[in-house]
Amino acid sequence: MEAGDFKDFAKAMTDYIAEYLENIRDRPVVPSVKPGYLRPLVPEQAPEKAEPWTAVMADIERVVMSGVTHWHSPRFHAYFPTANSYPAIVADMLSGAIACIGFTWIASPACTELEVVMLDWLGQMLGLPECFLARSGGEAGGVIQGTASEATLVALLGAKSRTMQRVKEQHPEWTDTEILSKLVGYCNKQAHSSVERAGLLGGVKMRSLKPDNKHRLRGDILQEAIDEDIKKGLIPFYVVATLGTTSSCTFDALDEIGDVCAARDVWLHVDAAYAGSAFICPEYRYLMKGVEKADSFNSNPHKWMLVNFDCSAMWLKQPRWIVDAFNVDPLYLKHDQQGSAPDYRHWQIPLGRRFRALKLWFVLRLYGVENLQKHIRKHIALAHLFEKLCTCDERFEIVEEVTMGLVCFRLKGSNDINEELLRRINGRGKIHLVPSKIDDVYFLRLAICSRFSEESDIHISWEEIKNSADEVLAQK
Ligand code: PLP
């Protein structure tokens, strides 16, 4: 493809994208296709001869859109939001054009340096203490990981190397294998599945602890588990505190947990994948009280801060536990400026990395902090509107306090009836929700996901739920 065609193609695609997003609420939120729908729609083999771009364009609705779940529709209330904005889409175009692989500073200095500064900007916006920021002048700083799951694993590996070194100093006679078999980490039973997975990948035990009656991991619960394990000869080394659990968006008692970790030299990682973005609004920072006691902190701008996937921001107070511990230095990756700026290849699992700081830069500049705060506050207000509609109907109950953009609700009565309710709602095809279950109580989750959501959309979603409930209860 030559530049002329590229310009025409990109212009046509830009028009298409704007039309798609601005009118997204008119499309069925979940497609009605069956598995295997796509193969008959495309040829068996790649074309021998080049096709015109217009042919590709002509196939987008037929082949792709017919099988897309529209995550940015105001009718989409499943999981948590994933971000989408025009500035981030344009930044991804530029990133695609530069197409560098910024694993070291010299591999593309702008790629590394913009990331360092953007993570400082974002850290300040969130109200993170200076001890997490590169501008503090020490070794601390932020990095963009692909996902929160990677951040949890990277932090676990850092915790492992820090504890291994300490224990080896205390017990030079113990082998690595002996020490490893004693390491134990902790999280709330409600923590994301990626925490358990990090334990499996890292080859260490992770214990899921039963939270209090508000589903929060508390300091005393953690303390008891740690004491019990120390008595058994185990070595507590890592704790993940979740701020905004996936099932019901509850917040672990970070301040209490921080004290327990500090007393035992246990690495504390904060997983604020979804809810962390809300800390750009000062009124929600009470939920991260004690954050200065953490060793690492993670939040996904790609969830709730209008930066398209993938952009998972992670800060480390002492990156040396990852940078030094897993340092392999082949000659072809060495450069003369080593040590004067981060070589981000040491801060992550893969070697390759895209120029993701661009989309953070574009979004922060083109929205400004003020409009990003408005976005968060609007989603939370819409969640409260839905909560109010729900509480005004005596057939329903709210099962968790609403603090962010998620409402957990159910019909009063059995799990069966709620399972039937969800089947009806999703079966009617107008809106899309997923369920969850805590302590054997099945409930529905309504997440405010789209940046296009307005009050009128919430009323439409509520009507759908109410009508579905009418049908379910009439059948009883
Ligand atoms: N942690 C929490 C609290 C989450 O809610 C999620 C996903 O929703 C994750 C981790 C995993 O996020 P990612 O897909 O970025 O790995």
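Visitor: Why is Arg-410 called buried in this predicted model?

Guide: Its relative accessibility is 5%. Buried means under 20%. Arg-410 therefore counts as buried.

Visitor: Where does Arg-410 lie?

Guide: In strand β9, residues 406-411.

Visitor: What makes the approach of the Arg-410 side chain to Gly-413 a polar contact?

Guide: The side chain reaches the backbone oxygen of Gly-413 at 3.0 Å. The cut-off for such N or O pairs is within 3.5 Å, so this pair passes. Tyr-442 also qualifies: its backbone oxygen lies 2.8 Å from a polar atom of the Arg-410 side chain.

Visitor: Which residues does Arg-410 touch, not counting those up to four places away in sequence?

Guide: Among them are Arg-395, Phe-396, Glu-397 and Val-399. Asn-415, Asn-418, Val-441, Tyr-442 and Phe-443 are also on the list. Touching here means heavy atoms within 4.5 Å.

Visitor: Turn to helix α1. How do you know what span to expect of residues 3-22?

Guide: The helix has 20 residues, and the expectation uses 1.5 Å a residue. That gives 28 Å. From first C-alpha to last, α1 reaches 28 Å, close to the expected value.

Visitor: What makes the buried residues of α1 line one face?

Guide: The buried residues are Ala-10, Tyr-16, Tyr-20 and Leu-21. Seen down the axis, they fall within an arc of 125°, so they line one face of the helix. In an α-helix there are 3.6 residues a turn, so residues three or four places apart point the same way.

Visitor: Which residues are exposed on the other side of α1?

Guide: Lys-7, Lys-11, Asp-15 and Glu-19. Exposed means over 50% relative accessible area.

Visitor: What covers the buried residues of α1?

Guide: The cover includes α2 (53-64) and α3 (86-98).

Key
Residues numbered from 1 in each chain as written. Predicted model: local features only at pLDDT ≥ 70, side-chain atom pairs only at ≥ 80, totals over all residues. Heavy atoms only, no water. Helix = DSSP H or I, 4+ residues; strand = E, 2+ residues; numbered from the N terminus. Expected span 1.5 Å × (residues − 1). Buried < 20%, exposed > 50% of the residue type's maximum accessible area, 1.4 Å probe, protein only. Arc of directions from axis to C-beta. Polar contact = N/O pair within 3.5 Å; in protein donor to acceptor, adjacent residues only side chain to side chain.
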